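Work through the following exercises on enclosed space in a protein model. Each task is followed by a solution in steps.

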Amino acid sequence: MDRTEINRLNMLTLNQWRSFLARSVYVFFLNGTLKSYGVILMDIVKKLDSKHYLVGWAFTLQTGAGYLISPLAGILLTKMSCRFVAMLGGLLAGSAYVIRGLVNISEIWQLFLLVSCSGIGFGLINISTVVPLKESFGTSYATAYAVTGLAANVGIAVLPFLLKYLMGSFGDSTGMLIFGALAWTLIVTGAMLPSNKNGKEEKVKEEYSLANEDNALDDIDEEPEKETNLDEADRIETLTTSDKLTNFEVSDMRRRPYERIENGDNTNCDVKRSYINIENIKILFIRFYGVFQHHPALVLYMIVTCINDHGYRSWSIFLIPYGEYLGIISEKAVLLSTIGGVAGLLGRLYCILLFSRYAMDVYLGFALPSLLITVSYTISFFCDQFHVLAVVAALSGFSYAVMSSASTGLIPSCVCDDHFKVTVVTLYTLWGLMIQLGGITTGAVVDITGSYRISFACLTVLSTLNCVIGFGWTLSPLRLRMKKPGETI
């Protein structure tokens, strides 16, 4: 980490600290609680007399539902502050666990309902924390995001062990109740977020101020554009001389009519605003298509990250049951999660180093970690001793942590700033779908074959596919590398 980056991180503003802390606590609980489901998966299957794919599907809903409601969360953030949305999400996420502690679940649909509730809560927190983090840290976003990822692996290492202790010491219901009360910490950290509506208003004002300060005379004296009709030009000139319009107002009036409509202003314009209009739908489609047209590497980015999310969630839920299936006692199997979480911390630190040096790329972020996962899973097929599985958990935990950080940290290097938000919403929606498939497909393989070993063999095939795509991407002209400060895509 060079001196410039160190000085940048040492000069964090209060809002940056708030955004950083809120995001860290969020990923701590999101990843830790998902991994904790592995502790109770086999007991839930037996208690509800259900199938592995249904219970696995239910458990992945916590993360999947959160990603799938990203479009809704994006809409809410245009109407409400990040602080309010995050607090609402924290209330929903914690309440779902508290209710599970108070109510005896006897049907699978009840499990689906409560996990979906917590998933929606986590989804609201997700978007409402990542946007302030990006706007607060700017070019240091990737490094800041990688640092918050450390909390994710602390959660993976700590929360499964904590849930096992609470349920063993106080009983299943009381233990889950305490666990849910701890999750309400998300309400407190949500309240710490900046109160402005994701910083959009302040950013717009700042951009207009900087853009118009040096060009004030040019904006007033230049001749009207050809697209501007004569009446409007006369009106601008008259008002400029008589009423002394500000630079912001003159610039706003000179925008083309459709530009003013997109921003909610249809004054002195013959085109009427319509919320449901074929032309508006076409414009949205063209804009969405334009993202891929300007950034062709985004297609490969989606494929690689989607396969990674599928494998990561399957690993999170089924690693502990896999250890128990191979004959390891429950108390030792839980330690596999702790080992994977600690190794993940090392992976996050490795990513922080890469991001701080602007060295993260496709090879280090996706291709090499996929190869390590493939090798580690293959080892587990030939040896089932605890110390061997501990190495498998460490290698896979390290690799998934690296790919998880790269998946989000490299987005600003894959697309331009104008396409960042729409890309985040799109990716989170796709990741939500793949997370759902992770719980369903891996659980279905267990139900059909009766073997966790075969389910991990399927994950090995997907990891191999990701490895091939990653190395091919590395050698292609579309190879992705980090964007340095001031560099455009």
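**Exercise 1.** State how many cavities of 30 Å³ or more the structure holds, and give the volume of the largest cavity.

Solution. The model is a predicted one. Counting cavities of 30 Å³ or more gives two. The largest cavity has a volume of about 200 Å³.

**Exercise 2.** Describe the lining of the largest cavity: which residues are closest to its centre, and which elements give two or more residues?

Solution. Start from the centre: of the 20 lining residues, Tyr-67, Tyr-145, Arg-313, Ser-404 and Thr-408 are the closest to it. Next, assign the lining to elements. Two or more residues come from each of helix 2 (14-48), helix 7 (141-170), helix 16 (297-325) and helix 19 (386-409). Helix 2 provides the largest share, five residues. Last, sort the lining by class: eight residues are nonpolar, eight are polar and four are charged.

**Exercise 3.** Repeat the analysis for the second largest cavity, starting from its volume.

Solution. The volume of the second largest cavity is about 80 Å³. Its lining consists of Ile-307, Asn-308, His-310, Gly-311, Ser-370, Ile-373, Tyr-400, Met-403, Leu-459, Leu-462, Ser-463 and Asn-466. The elements that contribute two or more of the lining residues are helix 16, helix 18 (362-380), helix 19 and helix 22 (452-475). Divided by class, the lining has six nonpolar and six polar residues, with no charged residue.

**Exercise 4.** Which helices give two or more residues to the lining of each of the two cavities?

Solution. Helix 16 and helix 19 appear for the largest cavity, and helix 16 and helix 19 appear again for the second largest cavity.

Terms used: Residues numbered from 1 in each chain as written. Predicted model: local features only at pLDDT ≥ 70, side-chain atom pairs only at ≥ 80, totals over all residues. Heavy atoms only, no water. 1 Å grid on protein atoms, 1.4 Å probe; cavity = no way out; pocket = protein on both sides within 12 Å on 5 of 7 lines; lining within 4 Å. Points joined across faces, edges and corners; volume = space filled by probe spheres on them. Helix = DSSP H or I, 4+ residues; strand = E, 2+ residues; numbered from the N terminus. Nonpolar A, V, L, I, M, F, W, Y, C, P; charged D, E, K, R; others polar.
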